[in-house]
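Trainee: Could you take me on a close look at a single part of this structure, the six-stranded sheet of chain B, and at what surrounds that part?

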Amino acid sequence: MDVSSRSVEAYARLDSRDRRLASLVVGSVVVAFVAAFVQVSQGSYPTPFGVTFDVLTDPHILFNARVWAAILTGSDLPEWLSRSAVIIWSLRMPRVFVAALVGVNLAVSGAVFQAVTRNELASPYILGVSGGAGLAVLLTLVFFAGATFVLPFAAAAGGLIAFSLVYAIAWQGGTNPVRLVLAGVVVATVFQSLQTGLFYFLDSSAAMKTAIAWTTGSLTGVGWPQFRLAILPTIVVVPILLLASRHLNVLLLGEETARSLGMPVEYVRFGLSALAILAAATAVAVAGLVGFVGLVVPHAVRTVVGSDYRRLVVGSLFLGPALVLVADVIARLALMPIQVPVGVVTGIIGGPYFLYLMRRHGDFSEF
Amino acid sequence: MSKIDTTPQTSDETDGSERTTDPDAKIHASDLRVGYPGLDEPVVDTETLVVPEGEVTALVGPNGSGKSTLLKALARHLDADTGDVLIDGREIAAYGSKEFARELGMLSQHGSTPEGIMVEELVGHGRYPHKGFLEGQTEEDREAIDRAIDLAGIEHLRETDVSSLSGGQRQLVRIAMALAQETDTLLLDEPTTYLDLRHQLRVMDVIRTLNEERGVTVCIVLHDLTQAARFADYLVALRDGDIYDWGRPEDVVTEGLLAEVFGVEASVEYGTEPRIIPKRALDE
């Protein structure tokens, strides 16, 4: 009897963390929708909110096969659309969708790397992705100046190559979180220096701006092609990582414990890292190196729902897009007509978040 | 009563690596050499180690004698350079990862406990080797978790956040997690180090009960020789990576052993309980 009353209590307590997760999810969805709504209605050609609302809820547009074809295959939008509808559906909406995908991928990737490296201050870029992607972008801009269309692939490939290099350096008949992080520092430092050196070989300020947009992360000018590029890996990787959350929980117990519990640690760690790198590379390919999202989001979610990855991954999946959407609204609209890279804004939001944590905990060792 | 007692022996004839070993040896290691990358000399280099089935065996020895390394090799945390380790007559390398974790549990000295998770959930991770990739918690899992929590005597902590526990309570929770694995063999690496006296006794009690009531074979590294002599059925004394002596505590713990292995001049008395009174450290 005592046992059953205790399990009822346990159930009630489980519920409270699930309730907090639910509030987080609902809150994130509301914030994301508000930000998206502002983003699609405002700009150099502002649409009144009423008109925007009508365009977004018009069933003739929402259930039109040609509109869907335009989004999914890149064909032309039907010509009967109003000017507002065209601007919203062909220019501003894709940016919202890409921002959301970037948020999803970075947040989930960061959550996984925080478990794999057992470091709550890890980001998706900790295993060299940023160095590799940045260097690849700069190399492309310097040596193939006209080929901007290959930049997404160059960035993703650079990130993946850097990750492989990090793993190869860290491998010594096996690996461990500390060696992986150190190898990440080695690769990132060298690649970052090479990348900075290459800036001096850029011969136009336009190329310079492109390079900066890629290395700080920008959503300026993204369209449905970027959405199509990012959606495929996202719908493969994210569900797998959601299903793997129980394994992430076991990995968090430490290598020796995970091994004692029968986990093939090296395989699981490599597999999860590879999936998380794929998610990070997806975000990098469409938006460049947007900083802080992958670090702040899982961390913030953890303070709300605890470190159980079954909740943490779900929470990150919703808070990530909300953060990137809000940041991108600021990046695009705050200093009109100048647009700043979204990575600048996420950095400006992300820094003070840690200041807030320091003040609240009063002690960094509690992280 | 206990599930473990009825589990059939897994040393099936189909396995080619089966050897003949002592009939009562749960673990049998031979010609074992274990080292670390970057070290020339092996840390453990010993001919034969037997962990008798259904008994409590304690590994003792001074710092650096290779006790933990030996235990890690038995638990497959370290790969031996040479030699064989058999469990139930079957080579440990022949087991799959989860299959091995259903046979043998290992409580490492270091393990982290993430915050924001309840005792019950942490203990639940002990069921990991019994589940498939996507399988959720079954009734059987819940029963095993209840048994483990009950045996470890942490029922009152069930819904407590792990991060708010004391070091001693945390160790009992980690033991409960290993118990939820429901293995026939349990290895423990210095489970009482850094604990206060009361929790040391609690931990030893739990292990004793596990051994007596469920017939689990225990192999435990202990720092404290008196505790080991009082607690274990068998002692294995290690010196410089090799087994110096093996047997019943009263046969192994002698003034000679203390001088030769531990470098300590001491007097040893056996009344109802062994008493070791260390006097001074001998020169190297």
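Mentor: Happily; here is a walk through that sheet, then its surroundings, and last the pocket.

A word on the ground rules. This is a predicted model, where local features need pLDDT of at least 70 and side-chain atom pairs count only at pLDDT 80 or more, while totals for chains, interfaces and linings use all residues. Residues are numbered from 1 along each chain as its sequence is written, chains are lettered from A and ligands numbered from 1 in the order in which they are written, and side-chain values use heavy atoms, with hydrogens and water left out.

Let's start with the layout. The sheet is open, and its 6 strands follow the order S6-S7-S8-S3-S9-S10 in chain B, with mixed pairing. Helices (H or I, at least four residues) and strands (E, at least two) are DSSP runs, numbered from the N terminus, and two strands pair if DSSP finds at least two bridges between them. S6 (104-107) and S10 of chain B are the edge strands; each has a single partner strand, so one side of each has no neighbour in the sheet. From one strand to the next, the twist averages 15°. Axes here are lines fitted to C-alpha atoms, for helices over the stretch in contact, and angles run from 0 to 180 degrees between N-to-C directions.

Now for S3(B), residues 56-60. Here 5 of the 5 residues are buried, so S3(B) is largely enclosed by the rest of the structure. Buried means under 20% relative accessible area, exposed means over 50%, and partly exposed lies in between (1.4 Å probe, protein chains only). In a regular strand the side chains alternate between the two faces of the sheet. Both faces of S3(B) are covered: Val56(B), Ala58(B) and Val60(B) are buried on one side, and Thr57(B) and Leu59(B) on the other.

S3(B) runs parallel to S8(B), residues 217-221, with 4 bridges between them; Val218(B) in S8(B) is the bridge partner of Val56(B). S3(B) is also joined by 4 bridges to S9(B), residues 234-239, again in the parallel sense, and there Leu59(B) has Val236(B) as its bridge partner.

Moving on from S9(B), we meet S10(B), residues 242-247, which runs antiparallel to S9(B) over 5 bridges. Ala237(B) stands opposite Asp245(B) in S10(B). The hairpin of S9(B) and S10(B) has 2 residues between the strands, and Asp240(B) takes a positive phi near 50° in this hairpin. Most residues other than glycine have a negative phi, and most peptide bonds are trans.

Over to S6(B), which pairs with S7(B) in the parallel sense through 4 bridges. Met106(B) stands opposite Leu187(B) in S7(B). Helix H7(B), residues 197-214, packs on the sheet and touches S3, S7 and S8 of chain B, with its direction at about 155° to that of S8(B). Contact means heavy atoms within 4.5 Å. Glu182(B) sits in the loop between H6 (167-180) and S7 (185-189) of chain B. Glu182(B) has a positive phi of about 50° although it is not a glycine, and Glu182(B) is buried at 9% relative accessible area.

Chain B holds another open sheet, with 4 strands in the order S2-S1-S4-S5 and antiparallel pairing. Helix H2(B) lies across S1, S2 and S4 of chain B, at about 115° to S1(B). In the loop between H2 and S4 of chain B, Arg76(B) has a positive phi near 65°. Arg76(B) is partly exposed, at 22% relative accessibility.

Arg76(B) also leads us to the largest pocket, where 40 residues form the lining, and Arg259(A), Arg76(B), His77(B), Leu78(B) and Asp79(B) lie nearest the centre. On a 1 Å grid over the protein atoms alone, a pocket is an open set of points where a 1.4 Å probe fits, with protein on both sides within 12 Å along at least five of seven lines, and lining residues have an atom within 4 Å of a point. The volume of the largest pocket is about 1300 Å³, taken as the space filled by probe spheres set on the points, with grid points joined across faces, edges and corners. H13(A) gives the largest share of the lining, 4 residues.
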